[in-house]
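Q: Please take a close look at the ligand and what surrounds it. Which residues are around the ligand?

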Amino acid sequence: MERHITLGEFIIENQKDFPYAKGELSALLSSIRLAGKVVNQQINKAGLAEILGKAGKENVQGESQAKLDVMANDVFVDTLRNRGEICGLASEELEDFLVFDDEIHKKAKYVVLIDPLDGSSNIDANITVGTIFSIYRRVSKEGSPATLEDFLQPGTKQVAAGYLIYGTSTILVYTTGKGVNGFTFDPGIGSFFLSHPAIIFPPKGITYSINEGNYVHFPDGIKKYIKWVQQFDEKENRPFTSRYTGSLVADFHRNMLFGGIFLYPEGTTAPKGKLRLLYEGNPMAFLAEQAGGKATDGFNRIMEIEPEELHQRVPFICGSKEMVEKAEEFL
Ligand code: P6P
């Protein structure tokens, strides 16, 4: 029987890809693995532990925070801080970034940006949610506290990025710039095993993911593209199939495995779109590009956008390269 390599073994085996790093990035990825296991366990027992529902607080997005959102944020903050490899962390759930400025953390090389529980509005309906993370090397001086500039870096500077998808199984998917690999969690053993080696984004597919409830608010080009995908064309397998879960990680993961396009464009009610550049757009764009896909705001490569603020939103079109390029023709 073929034995699958564990995530820990994979990280160690690929340590050689980082001659400049002395194991810090590997340790950081391992701490993300640990936090993912804890969040996975909490999510799976949420219904029993009565921690479903609202925490009674609002996050910076003005969205009511589900208790699991708060739990996931705290688990990642505590686990990543305890491993000592980051000097700061920014989260969708926190208005400002956290600075870890004791003697150990001030010397750390990396900062992390996370969406601790993306798609959390789905939680109470038991629909797939996810954690998204993005890792940068700090630009501020080692030995000093992290600064905003450490977080406002373009996506091209990402050292690593990935997500955990808490679905019918829990899978950790990440890249360090050497392709994309997925690891499925075996709760019986408590380890992640390589299940999706060298993921390739199919150049085209027949699935499109967009919240058509916002149709009236979309720019004309997006409306024309939606009409185009819905027209009959046997040669091109149109009309395409609509698949939209309201959970970016779930829609992205399905599209990356089987082909497809995800669109969250700007609209009159969301002038800059809804998704956050730093901890949704950039990490998903890094993964998409590393797997051979594409991610733009309709006109510009997502990863080349110069960030101006921590929670800035960005119009987001991401998926199979040929599908994204076709959509851009309408804009
Ligand atoms: P809407 C979840 O809140 C999220 O950030 C993404 O995971 C998801 O793709 C999108 O928002 C859903 O937004 O407006 O369609 O409900």
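A: A polar contact is a pair of N or O atoms within 3.5 Å; within protein, one must be able to donate a hydrogen and the other to accept it, and residues adjacent in sequence count only if both atoms are side-chain atoms. In this predicted model, Tyr244 has such a pair with the ligand: an N or O atom of the Tyr244 side chain is 2.5 Å from a ligand oxygen atom. Asn211 places a polar side-chain atom 2.9 Å from an oxygen atom of the ligand. For Lys274, the distance from a side-chain N or O atom to an oxygen atom of the ligand is 3.0 Å. On its own the ligand has 400 Å² of accessible area (Shrake-Rupley method, 1.4 Å probe), and the protein covers 81% of this area.

The residues around the ligand, each with a heavy atom within 4 Å of it, begin in sequence with Asp118 and Gly119. Asn211 follows, and then Tyr244, Gly246, Ser247 and Leu248. Phe262, Tyr264, Lys274, Leu275 and Glu280 complete the list.

As for confidence, the protein chain averages a pLDDT (the predictor's confidence in each residue, from 0 to 100) of 93, and 93% of the residues score at least 70. The model has an ipTM of 0.98 and a pTM of 0.95.

Residues are numbered from 1 along each chain as its sequence is written, and side-chain values use heavy atoms, without hydrogens and water. Local features need pLDDT of at least 70 and side-chain atom pairs pLDDT 80 or more, whereas totals for chains, interfaces and linings use all residues.
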